[in-house]
Amino acid sequence: MEYKSRTASLNLYLFLGGSISNLYAFLAARHHMFPQYKEKGQSCLSGQLVMFTSDQCHYSVKSCAAVCGLGTDNCVEVPSDERGRMIPRELERLIVERKSKGQIPFFVNCTSGTTVLGAFDPINDIADICEKYKLWLHIDAAWGGGLLLSKKYRHPRLSGIERADSVTWNPHKLMGTLLQCSTIHFKIDGLLLSCNQMSADYLFMQDKLYDVQYDTGDKVIQCGRHNDIFKLWIQFRAKGLIGFEKHMDHLMEMAEYLVERINQTSDKFYLILEPELVNVCFWYIPKRLRSMPHGPQRIQELGKVCPILKGKMMEAGTLMVGYQPDDKRPNFFRSIYSSAAVNKGDVDFMLSEMDRLGQDL
């Protein structure tokens, strides 16, 4: 379905998931910048196309390079800072480096809410670079885009999002829409039709009784799709913008409360960083490690605790808190909030139960 907002210049389309939405952004960007590619492929170019994304991005961005024939080696990973945010000066350095090799930079993915740390890449700084080098700016806000509905929390995290050429946003994440419901937004009207249209006359006849502009199927590479927009429409009817704003504020307040409780019990829990989103990343500290100075040796031991404690949670059947490593740390716990039903009592129970199960590890 296509929807044109009265307050924004982006056209909205509903797809199966954030990974597909990112793929459509890639295809549309390539088509807009190189219109002959649709018919002639790589032969219409004088060099190798390259794209850029943070080393903390969702895996689907790199998958676009593989699926669309770019090759994963031509999806350039830009280093991130300690908080997981893309470093703009590194982006510009890599763009210049690839151009010097005769390659053709064309697409930059900026993540608003990374999967693990919930980090927000600096949109305005990245947008400045994209404008300077005439690159397509896509924002993957599948996870963090819900904060646009909160006046309290959307700035500065999402400041500058209006400068994007395309935006992915998943209502089935922070907004709590039933799986699955993902959106892709474009500034350029008619781009998806131009990019994907195959004019199959056995499906998309132009002499139908009704206005054929309602046939949106030729705008996409999928043929049969669920009517996922209906879920979002019903939800908006029930909650409205005010209800969604309260929902976002509540989720962020629950994350802030968890941070507060971790800081109050710093002998048992270690907060890895102050979160930008609802991703709260921390270590649980069993008794044997509480007197050890915090450093590389302790961190390695805390990482080993995570899978053991997760196993005890599942055996007890009382909790399921995810853990994972990243490129800077061994395993750590990541508690996230997306349900409006979560309350402070649930947060307190999680911490007390982790301590009950894990203190003797």
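Phe269, Phe282, Tyr284, Tyr323 and Phe333 form one aromatic cluster in this structure, which is a predicted model. A search of the whole structure finds 12 aromatic pairs. In general, such a pair of rings is described by the distance of the centres and the angle of the planes.

**From the cluster to Val305**

One member of the cluster, Tyr284, is also touched by Val305, which in addition meets Pro286, Arg288, Leu289 and Leu361 when residues up to four places away in sequence are not counted. Val305 is found in helix α8, and because its relative accessibility is 2%, where buried means under 20%, this residue counts as buried. Between Val305 and Gly358 there are 53 places in sequence, yet their C-alpha atoms are 8.3 Å apart in space.

**Two helices that cross**

Gly358 belongs to helix α9, and how do the axes of α8 and α9 cross? The axes of α8 (residues 296–316) and α9 (residues 344–358) come within 10 Å and cross at roughly 105 degrees, and the two helices are therefore roughly perpendicular to each other. On the side of α8 the residues that meet the other helix are Leu309, Lys312, Met313 and Ala316, while α9 contributes Met354, Leu357 and Gly358. Sorted by class, this contact has five nonpolar residues, one polar residue and one charged residue.

**The nonpolar cores**

Met354 appears again in the largest nonpolar core, which has 74 residues and in which Tyr337 and Met354 have the most contacts. Helix α7 (residues 229–264) gives the most to this core, with 12 residues. Leaving aside neighbours within four places in sequence, Tyr337 is in contact with Trp143, Leu174, Leu251, Met254, Ala255, Leu258, Val278, Val342, Val347 and Met350. Apart from this core lies another, of 29 residues, with Leu49, Met51, Cys64 and Trp136 among them. As a general background, nonpolar side chains in soluble globular proteins tend to be buried together.

**Backbone details in loops**

Three places in the backbone deserve a separate look, and the table sets out their geometry.

| Place | Backbone feature | Value |
|---|---|---|
| His155 to Pro156 | cis peptide bond | omega near 0 degrees |
| Leu179 to Gln180 | cis peptide bond | omega near 0 degrees |
| Lys134 | positive phi | about 60 degrees |

Pro156 is found in the loop between β6 (136–140) and β7 (166–169), whereas Gln180 lies in the loop between β7 and β8 (182–186). Lys134, which is not a glycine, has its place in the loop between α5 (123–133) and β6. Is Lys134 buried or exposed? With a relative accessible area of 67%, Lys134 is exposed.

Conventions: Residues are numbered from 1 along each chain as its sequence is written. This is a predicted model: local features need pLDDT of at least 70, side-chain atom pairs count only at pLDDT 80 or more; totals for chains, interfaces and linings use all residues. Side-chain values use heavy atoms; hydrogens and water are left out. Axes are lines fitted to C-alpha atoms, for helices over the stretch in contact, and angles run from 0 to 180 degrees between N-to-C directions. Helices (H or I, at least four residues) and strands (E, at least two) are DSSP runs, numbered from the N terminus. Angles under 35 degrees count as roughly parallel, over 145 as roughly antiparallel, 65 to 115 as roughly perpendicular and the rest as oblique. Contact means heavy atoms within 4.5 Å. Ala, Val, Leu, Ile, Met, Phe, Trp, Tyr, Cys and Pro count as nonpolar, Asp, Glu, Lys and Arg as charged, and the others, Gly among them, as polar. Rings of Phe, Tyr and Trp (its six-membered ring) pair if their centres lie within 6.5 Å; planes under 30 degrees apart count as stacked, over 60 as edge-to-face and the rest as tilted. A nonpolar core is a set of buried Ala, Val, Leu, Ile, Met, Phe, Trp, Tyr and Cys residues joined through side-chain atoms within 4.5 Å. Buried means under 20% relative accessible area, exposed over 50%, partly exposed in between (1.4 Å probe, protein chains only).
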